[in-house]
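User: Please take a close look at the aromatic side chains for me, then follow the same part of the chain a bit further. Keep it informal, and spell out the cut-offs as you go.

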Amino acid sequence: MRDVTERGAWEEWLQYFCNGVARQAEDALSRTKRINSLHEKWRAEAASDSSSTPSKLIDLIGSNPYVTPRGVQEKLGVAYNTAAAGIRQLERRGIVTKMGDNKRDRVFCALEILSILKEPPRLDPD
């Protein structure tokens with residue numbers, strides 16, 4: 001920024017800024033592709049289920065990797081037991097994992113999605 005003020009080096013600064021935006025976009029696109037790939041794999045696995053709840057749950061964890069039986073009940077408009085059964089099916093498949101030891105107010109997480117979201121950015125230049 002000092003060069004912009006002192007020398008009017010706008011072009012160099014804009015190039016630097018746009019390069020940073022492009023790297024961030026590439027990183028976001030890479031993460032999105034990997035998450036979408038997981039969703040496709042999980043949807044294919046859930047397609048054989050007699051209930052549609054696991055498939056709908058997979059769509060829910062796409063927007064938030066954390067789910068609770070109550071939250072699923074509310075968002076999908078199903079009975080609590082149906083929501084809990086759907087979560088159990090995903091848990092058996094290793095898609096979600098129970099977090100903590102709570103008997104009530106249980107929280108489950110799609111750890112594979114969370115790990116993609118939490119990894120450090122990949123901003124390597126070309």
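Analyst: **The aromatic pairs and what follows**

There are two aromatic pairs in the structure (rings of Phe, Tyr and Trp, the last by its six-membered ring, pair if their centres lie within 6.5 Å; planes under 30 degrees apart are stacked, over 60 edge-to-face, the rest tilted). Trp10 and Trp13 make an edge-to-face pair, because their ring centres are 6.2 Å apart and their planes sit at 85°. Before going on: this is a predicted model, where local features need pLDDT of at least 70 and side-chain atom pairs count only at 80 or more, while totals for chains, interfaces and linings use all residues. Residues are numbered from 1 along each chain as its sequence is written, and side-chain values use heavy atoms, leaving out hydrogens and water.

Both tryptophans belong to helix H2, three residues apart, or about one turn of the helix (helices are DSSP runs of H or I with at least four residues, strands are runs of E with at least two, and both are numbered from the N terminus). The other pair is Trp13 with Phe17, and this one is stacked, at 5.3 Å centre to centre and 15° between the planes. Trp13 and Phe17 are also both in H2, four residues apart, again about one turn. In an α-helix there are 3.6 residues a turn, so residues three or four places apart point the same way. Put together, Trp10, Trp13 and Phe17 make one aromatic cluster.

Is the cluster buried or exposed? Neither, quite: Trp10 is partly exposed at 48% relative accessible area, Trp13 at 26% and Phe17 at 45% (buried is under 20%, exposed over 50%, partly exposed in between, with a 1.4 Å probe and protein chains only).

Further along, H2 (10–46) is followed by a loop with Asp49 in it, and then by helix H3 (53–63). Asp49 is buried, at 16% relative accessible area. Its side chain makes a polar contact of 2.7 Å with that of Arg93 (N or O atoms within 3.5 Å; within protein, one able to donate a hydrogen and the other to accept it, with sequence-adjacent residues counting only if both atoms are side-chain atoms). Beyond its neighbours within four places in sequence, Asp49 is in contact with Pro54, Gln89 and Arg93 (heavy atoms within 4.5 Å).

H2 turns up once more at H3, as one of the elements covering the buried residues of H3.
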